[in-house]
Amino acid sequence: MDYRPIDHSFLPIGTHLIIKNPSYKIAADNNTIIHSNNPEDVIIIEHHNDELFGDIKWSTDLLNEKEVEAETADDFQSYGDDYFISNNYTAAIDEYSKGIELEPQNITLLANRAEAFLRLSQFRNALGDAEIILKYEPNHIKAAFRKGKALCDLKRYHEAIITLQDLHQRLETDTDRSNAPIKQSTEQLLEHVKILASENKNGKYDYTRIINEYCERAKIRKGSRHNDEWIYKSGPRLDHTDFLFEDIEIRSVEGKGRGWIAKCDIPENTLLMVSKAFSVVYSHEVLRHNMQSNITSDKTTCIASSLCNEELITRVTQKLLEEPYHCQEVYQLYYGLNLGKPDKINEHLVNVDIIGNIIKYNSFVLESGIIVENDLNGVGLWILPSYFNHSCVDKNVSLFLLGDLMFVRSLRPILKGEELLISYRSADSSYEIRSRYLNSIDIDCKCRLCELEKSEAPETTYRKTQLINTFEKLIKPKILNNDDPSLIKRIEKIISELRNLRKEHPDLEFDTLELNKILSFVYHKNGNPKAALSILKEVYNLYKNVHLQIINYIILDILSLCIELKQMEEAREWFDIVLKRLTGPILGKFEDEVNWKKEAYYVAEKIFPVMNSKAKLLGLISDNFN
Ligand SMILES: [Zn+2]
C-alpha cells in the first residue's frame with residue numbers, strides 16, 4: 001500500500017461496527033479482510049450500546065482485561081488517564097464516560113473528559129462538560145479555560161471573550177503560584193480570540209503576519225520512517241477565521257442551482273469572504289517518501305490526487321461522525337443527481353456515498369498563491385466558496401489561498417444583482433479540456449467563450465488544431481537553440497491565421513497568447529528588443545481585463561525589456577501594474593500608497609520571487625530591504 005494507515009482515532013480498537021452483507025476477501029498483502037461493497041452497509045454504533053451488546057463478551061485484549069476488574073469511578077479515571085497520556089483520546093473519553101455514568105457530578109472526570117474532547121476537536125461536547133462543572137463549581141479555573149477554548153473553536157468569539165476576560169480578572173488576584181501557567185495561557189488565548197473576533201466581524205486581517213505564519217507552517221522535515229512530517233504539527237492550517245461581507249447572498253440562479261449574488265453595487269478589490277476549509281489534505285500527508293521524489297511525473301500526480309481525495313473523504317466523514325451538527329451545512333452542498341432527493345437524506349446520519357459525491361463536485365485543488373520551499377499539492381473542502389458558480393471568461397471574483405484559508409475579493413466593480421463568478425478552469429485551456437472537466441461535474445457552461453466555441457464550424461476548429469499542432473511540433477522545439485530569423489516569419493504567419501479565424505471576437509482568441517510571448521522572445525534573441533516589447537504591450541492591452549496567469553508573466557517580460565532599453569520611468573509604471581495585479585487578490589487596494597507599497601513589495605516577492613530583484617534594478621528599494 002502506498003498510503004498511510006487510517007488514523008487510529010478514526011476507528012479506534014474496540015469500535016463497534018455493524019456490517020451488512022459482508023464478504024471475506026484476500027487483500028494484496030495476503031491478509032484476510034472483511035469487505036463491504038456499499039459504504040451505507042457499514043454502521044458505526046455507540047461505544048456502549050448495551051441493548052445490542054449487553055450479553056456479548058469481546059476478546060479485544062485492550063478493553064477486556066480492564067473491564068473485568070473496573071468498578072469505581074476512580075478506576076475509570078485512572079484507565080482514562082492512561083489512555084489520555086498515550087494520546088488515545090477516544091478510549092480515554094470512553095473510560096471517563098463510564099466513570100461519569102457512576103458519578104455524574106465527578107468534577108475531575110468531567111474536566112478530564114472536556115480536555116480529551118478538545119484534543120479531538122469535539123468542541124460542543126467539551127463545552128457541555130465544562131458548563132456542567134461550572135454549574136457545580138463556578139470558580140473552577142480549568143473548566144472556565146476549557147469553556148473559553150471551546151467557545152473560540154465554535155466561533156462564538158463574543159462569549160469566549162467574556163468567559164476569558166472574567167477568568168483573567170480572577171487570576172489577576174489569584175496568589176496560587178501553581179496557576180501561573182494557566183494564567184499565561186488565558187492571556188495568550190484572550191489576545192488570540194480578540195484577533196479572531198476582529199477578523200470575523202470587520203474583515204481585518206494582518207496579511208503580512210498571516211503570510212509569514214503560512215510560510216513557517218509549510219516547512220517540512222524529512223521523516224525518519226517513510227513519511228515527511230510538518231515541522232509545525234498541524235502543517236499549514238492557520239489559526240485564523242472566517243469573514244463574510246454582508247452585501248452578498250446565496251440565491252437560486254436559473255439553470256445553475258444556487259449561486260452568490262451581489263445585494264448592492266460592490267467596488268473593485270472588496271474583501272467578500274474569507275473561508276477556513278472544512279478540511280484539507282496535502283499530498284505529503286498521504287504519499288510515501290519515494291513517491292514524493294518524483295512527484296512531477298504524471299502518474300504520481302494522478303495517484304497523489306486520488307489518494308488525497310480518498311483521504312479527504314475519510315477526514316470529512318470522521319469530522320461528521322465526531323461533530324454531527326456539521327452534517328446540515330455539508331449535506332446542503334450539491335452532490336449530483338444520482339443519490340436521491342435531499343429530503344430523503346437523513347441529515348444526522350453520516351453517509352459516505354454522499355460525502356464522496358460532495359467532494360467530487362465541490363472540492364478545490366490547493367494552488368497556493370505564495371511560493372514556498374516545498375510545492376504543496378492537495379485538495380480541500382470549503383463550504384461557502386462551494387456556492388460560487390463558474391465562468392470561463394467572465395469571472396469577477398478572485399480566490400487567493402494561504403494554507404486552509406481562502407480569501408475572496410471582487411476583481412472589478414460588480415453591480416447589484418450580478419452573480420459572483422470564479423473560473424474552475426482557465427479560459428486559455430482548450431474547449432475540449434474545459435468542457436470535458438465541466439461536464440464531469442454536471443456543468444454546461446454558457447459563457448461567451450463556450451457559446452462561441454460551440455457554434456464554430458467544424459472546419460474552423462480543425463484548422464485551429466492543425467495550426468497549433470504545427471507550432472507545437474515543428475516550431476517550438478527549435479526556439480531555444482536556434483536564432484534563425486525565418487522562425488519569426490513562420491510564427492507570425494500562424495498567429496495571423498489564428499487571429500483571422502476568430503476575427504469577430506479578438507478578445508476571445510486566447511491561442512495566440514503563448515505564441516506572441518514566444519514570438520517576442522525570438523525577436524529579442526535576434527537582437528530586436530523594441531519589436532519584442534511592442535508585441536507584448538499589444539498583447540497586454542488586448543487581454544488586460546481577462547484574469548489569466550500568463551498576463552503576469554507577460555508584464556514581467558515587458559518590465560525586463562523596459563529596463564534593458566533603459567526606459568526606467570516606463571519600467572516603474574509596469575512594476576506598479578504587476579504589483580497591483582499580484583497583490584490585489586490578497587491585499588486589496590489601499591488608500592495609503594506608501595505603506596501599501598511597502599507591504600505589497602514584501603508580499604509580491606513571496607508570490608513571484610523575482611520581484612525584489614526587479615525592484616532593486618529600478619532603484620525602488622535598496623539592497624538591505626527586507
Ligand atoms: Zn465557458
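# Questions on a predicted model

Trainee: In which loop does N269 lie?

Mentor: Residues are numbered from 1 along each chain as its sequence is written. This is a predicted model, in which local features need pLDDT of at least 70 and side-chain atom pairs count only at pLDDT 80 or more, while totals for chains, interfaces and linings use all residues. Strands here are DSSP runs of E with at least two residues, helices are runs of H or I with at least four, and both are numbered from the N terminus. With those labels in hand, N269 can be placed in the loop between β9 and β10.

Trainee: Is N269 buried, partly exposed or exposed, and what is its count of C-beta neighbours inside 10 Å?

Mentor: A residue is buried if 20 or more other C-beta atoms lie within 10 Å of its own, exposed if 12 or fewer, and partly exposed in between, with C-beta atoms placed from the backbone. Most residues other than glycine have a negative phi, yet N269, which is not a glycine, has a positive phi of about 65°. As for its surroundings, N269 counts as partly exposed, because its C-beta neighbours inside 10 Å number 18.

Trainee: How confident is the predictor, as the mean pLDDT of the chain?

Mentor: pLDDT is the predictor's confidence in each residue, from 0 to 100. The lowest confidence in the chain is in helix α12 (residues 289–292), at a mean of 52, whereas the highest is in β7, at 98. Where pLDDT is low, the predicted coordinates should not be read in detail. Across the chain, 86% of the residues reach 70 or more, and the mean pLDDT is 86.

Trainee: How many helices and strands does the secondary structure of the chain come to?

Mentor: The chain has 626 residues, of which 33% count as buried. Two residues are in contact if their C-beta atoms, placed from the backbone, lie within 7 Å, and residues 24 or more positions apart account for 62% of the contacts with a separation of 6 or more. The secondary structure itself amounts to 25 helices and 17 strands.

Trainee: In the hairpin of β8 and β9, which residue in the turn has a positive phi?

Mentor: Two strands pair if DSSP finds at least two bridges between them, and here β8 (residues 248–253) and β9 (residues 257–262) run antiparallel with six bridges joining them. Within this pairing, I250 has W260 of β9 as its bridge partner. Three residues lie between the two strands, and the one in the turn with a positive phi, of about 80°, is G255.

Trainee: Which strands stand at the edges of the open sheet?

Mentor: β10 (residues 271–276) and β16 (residues 405–410) are joined by five bridges and run antiparallel, with V274 opposite F407 in β16. The open sheet of four strands has antiparallel pairing and the order β7-β10-β16-β15. Each edge strand has a single partner strand, so one side of each is left without a neighbour in the sheet, and these edge strands are β7 (243–244) and β15 (397–402).

Trainee: Within what arc do the buried residues of α3 fall, seen down its axis?

Mentor: Helix α3 (residues 73–85) has 13 residues and reaches 18 Å from its first C-alpha to its last, close to the expected 18 Å, where the expected span is 1.5 Å times one less than the number of residues. Its buried residues are F76, Q77, Y79, G80, Y83 and F84. They line one face of the helix, because they fall within an arc of 165°, taken from the directions from the helix axis to the C-beta atoms, so the value asked for is 165°.

Trainee: Against which helix do the buried residues of α17 pack?

Mentor: In α17 (448–455), the buried residues are L449, C450 and E453. Seen down the axis of α17, these fall within an arc of 95°, so they line one face of the helix. On the other side, E451, K454 and S455 are exposed, while the buried residues pack against α16.

Trainee: Which residue follows α20 with a positive phi?

Mentor: Helix α20 (residues 512–525) has 14 residues and reaches 19 Å from its first C-alpha to its last, close to the 20 Å expected. Its buried residues, including L515, L519 and Y523, pack against α18 (458–479), α19 (486–501), α21 (529–543) and α22 (549–564). The residue after α20, whose phi is near 80°, is G527.
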